[in-house]
Amino acid sequence: MIWRLMSDQSARVSAMESGRVQAIEDVPYIDVKRLAGSSKTESVQSFGLLFLMFNTADKRFADKRVRQALHHALDTEKIISTAMVGNAAPDTGYVPATHPDQDRWPDQLFRVLSMAGVAIPSFWLGVPLIQQFALNTRIFPTGGYTSPADSVSGWLTTMALPAISLALPVSASLARLVRTSMVAELDRDYVRTARGNGLPPLLVIRSVLRNALVTPLTVLGIKVGYMLSGAVVIEAIFDLPGMGKLILEGVTGGDVALVQGTVLTIAITFLMVNVIVDLLYLLVNPRIRTV
């Protein structure tokens, strides 16, 4: 197979018409119909994107309304039909609508569910969970605490609803972040090279996931602080003897030492979790070990 680099568009068309080459790409719009009479032509989605760019340091373009007016003044359909001979479509964003990793129904469903999870406060979620799974079906108790030393199964049943109430909003937020990181990572050159070399899709996804988990892990360490603070309300709803309830007892009782000790314990726990997150960086992405 011989590849010829021809930067001139007319030279590529002439080579195709004369039979010196068997295939070319980037056919000029004006020559598509002529080549279609003697050769097979195919139109595919490309990465070409025409857009307006303004120097906002110029006072004439500093006003957003001026830029919007210039945008609306252009007849996009006329430009496509005349200048591009119909070989284009109005864009809706920087990512093409036909991108293989965008706008599939599982992706849309995932985004809707994750947005719903983020929008639900953990303290509100606990109330319908008690109503449905404790009062109506009686699968779990409405509240209280059973020590694992007394009964492991009892401890699991008493902690199930509080754990779901705390974990669901955080999990939805992390899921959205993982999805965004995955989409950005799937568009990198090494992924296209791996797919082009015929690597199994599962192997490619595993490699991409490891690279995409660095940012979500960072946010996870920060979310621990949110969960520790959010647990105060959850403990009150489910009548759990936790750190939040202990702080409230210390504040209402004027026990400064108890409040200081509890806050210090929470701070140490938060620091330990972030140290574990830093160690997980090395596990999910070995490239960090060399930094």
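## Helix packing and nonpolar cores in an all-helical chain

Met272 is found in helix H13. With a relative accessible area of 52%, Met272 lies over the 50% cut-off and is therefore exposed. Although Met272 and Gly221 are 51 residues apart in sequence, their C-alpha atoms are 9.6 Å apart in space. These values, like the others in this report, come from a predicted model.

The secondary structure of the chain comes to 13 helices and zero strands, so that a reading along the sequence gives the pattern α-α-α-α-α-α-α-α-α-α-α-α-α. The chain has 291 residues, of which 22% count as buried. Among the contacts in the chain with a separation of 6 or more, 52% are accounted for by residues 24 or more positions apart.

### The pairing of H12 and H13

Two packed helices are described by the angle between their axes and the distance between the axes. Helix H12 spans residues 243–253 and helix H13 spans residues 256–284, and their axes come within 8 Å and cross at roughly 155 degrees. Because angles over 145 degrees count as roughly antiparallel, H12 and H13 are assigned to that class, and their crossing is left-handed. On the H12 side, the contact is formed by Met243, Leu246, Ile247, Gly250 and Val251, which meet Leu258, Val259, Thr262, Val263, Thr265 and Ile266 in H13. The residues of this contact divide into eight nonpolar, three polar and no charged.

Thr262, which is found in helix H13, has a relative accessible area of 3% and is therefore buried. Leaving aside residues up to four places away in sequence, Thr262 touches Met243, Leu246 and Ile247, and these three residues are listed on the H12 side of the helix contact.

### Two nonpolar cores

In soluble globular proteins, nonpolar side chains tend to be buried together. The largest nonpolar core here has ten residues in all, namely Leu125, Leu129, Ile130, Ala134, Leu161, Leu166, Ala231, Ile234, Phe238 and Leu240. Helix H7 (122–136), helix H8 (152–186) and helix H11 (214–238) each supply at least two residues of this core, and the largest share, four residues, comes from H7. Apart from this core lies another one, of seven residues, including Met182, Leu186, Ala194 and Ala212.

Within the ten-residue core, Ile234 touches Ser122, Phe123, Pro162, Ser165 and Leu166, when residues up to four places away in sequence are not counted.

### Buried and exposed positions

Ser181 is found in helix H8 and, with neighbours within four places in sequence left aside, is in contact with Ala212, Thr215 and Pro216. Its relative accessible area of 15% is under the 20% cut-off, and Ser181 is therefore buried. One of its contact partners, Ala212, is also named among the residues of the seven-residue core.

Val44 lies in the loop between helix H2 (32–36) and helix H3 (59–62), and its relative accessibility of 59% means that it counts as exposed. The C-alpha atoms of Val44 and Ala88 are separated by 10.0 Å, the two residues being 44 residues apart along the chain.

The table brings together the accessibility values for the individual residues discussed above.

| Residue | Relative accessible area | Class |
|---|---|---|
| Thr262 | 3% | buried |
| Ser181 | 15% | buried |
| Met272 | 52% | exposed |
| Val44 | 59% | exposed |

Technical notes
Residues are numbered from 1 along each chain as its sequence is written. This is a predicted model: local features need pLDDT of at least 70, side-chain atom pairs count only at pLDDT 80 or more; totals for chains, interfaces and linings use all residues. Side-chain values use heavy atoms; hydrogens and water are left out. Buried means under 20% relative accessible area, exposed over 50%, partly exposed in between (1.4 Å probe, protein chains only). Axes are lines fitted to C-alpha atoms, for helices over the stretch in contact, and angles run from 0 to 180 degrees between N-to-C directions. Angles under 35 degrees count as roughly parallel, over 145 as roughly antiparallel, 65 to 115 as roughly perpendicular and the rest as oblique. A crossing is left-handed if the near helix is turned anticlockwise from the far one by less than a right angle, and right-handed if clockwise. Contact means heavy atoms within 4.5 Å. Ala, Val, Leu, Ile, Met, Phe, Trp, Tyr, Cys and Pro count as nonpolar, Asp, Glu, Lys and Arg as charged, and the others, Gly among them, as polar. A nonpolar core is a set of buried Ala, Val, Leu, Ile, Met, Phe, Trp, Tyr and Cys residues joined through side-chain atoms within 4.5 Å.
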